Amino acid sequence: MTGKVFLVGAGPGDPSLITLRAVELIKKADVVLYDRLVSKKILSMIPKKAKAVYVGRAVGDDYKHQNDTNDLMVKYAKIKRNVVRLKGCLLYTSPSPRDRG
């Protein structure tokens, strides 16, 4: 049996705007991979027992950075960890890469 990976939107940064499901997943996570757009207040929800790993990138970074993040998600899931990829902003309302010009 392997762990699971959850893609979780952290919203615009205000903890009152994050979904209850997102909070539940964060609190049950063994590993949280987060980026620079996740607010400090949202990051404070990560349990002390969980491993928090910064996987953010700066503008202009090589696109291969995403491959490293994907590899980490797989690595932790294979060792039976529940992984949250915590993404700052509105995950499903942000423009897709093809819409960004």
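Trainee: What makes Val84 count as in contact with residues beyond its neighbours within four places in sequence?

Mentor: Contact takes heavy atoms within 4.5 Å. In this predicted model, Val84 meets that cut-off with Phe6, Val8, Leu25, Ile26, Ala29, Val31, Val32 and Leu33, leaving aside its neighbours within four places in sequence.

Trainee: Which residues touch the most other members of the largest nonpolar core?

Mentor: Val84 again, along with Ile18, Ile26, Ile42 and Leu86, in a core of 17 residues. Two or more residues each come from α1 (20-28), β2 and β4, and α1 gives the largest share, four residues. There's also a second, separate core of seven residues, with Leu33, Val55, Met73 and Tyr76 among them.

Trainee: How do you know that the span of helix α3 agrees with what's expected?

Mentor: Helix α3 runs over residues 65-78, so that's 14 residues, and at 1.5 Å a residue they should span 20 Å. The end C-alpha atoms are 20 Å apart, so the two values agree.

Trainee: Which residues of α3 are called buried, and why do we say they line one face?

Mentor: Buried means under 20% relative accessible area, and in α3 that fits Thr69, Met73, Tyr76 and Ala77. Look down the axis of α3 and these buried residues fall within an arc of 105°, so they line one face.

Trainee: What covers them, and what sits on the face turned away?

Mentor: The cover includes β1 (5-9), β2 (31-34), β3 (51-54) and β4 (83-87). The face turned away carries Asp71 and Lys78, both exposed.

Note on methods: Residues are numbered from 1 along each chain as its sequence is written. This is a predicted model: local features need pLDDT of at least 70, side-chain atom pairs count only at pLDDT 80 or more; totals for chains, interfaces and linings use all residues. Side-chain values use heavy atoms; hydrogens and water are left out. The expected span of a helix is 1.5 Å times one less than its number of residues. Buried means under 20% relative accessible area, exposed over 50%, partly exposed in between (1.4 Å probe, protein chains only). The arc is that of the directions from the helix axis to the C-beta atoms. A nonpolar core is a set of buried Ala, Val, Leu, Ile, Met, Phe, Trp, Tyr and Cys residues joined through side-chain atoms within 4.5 Å.
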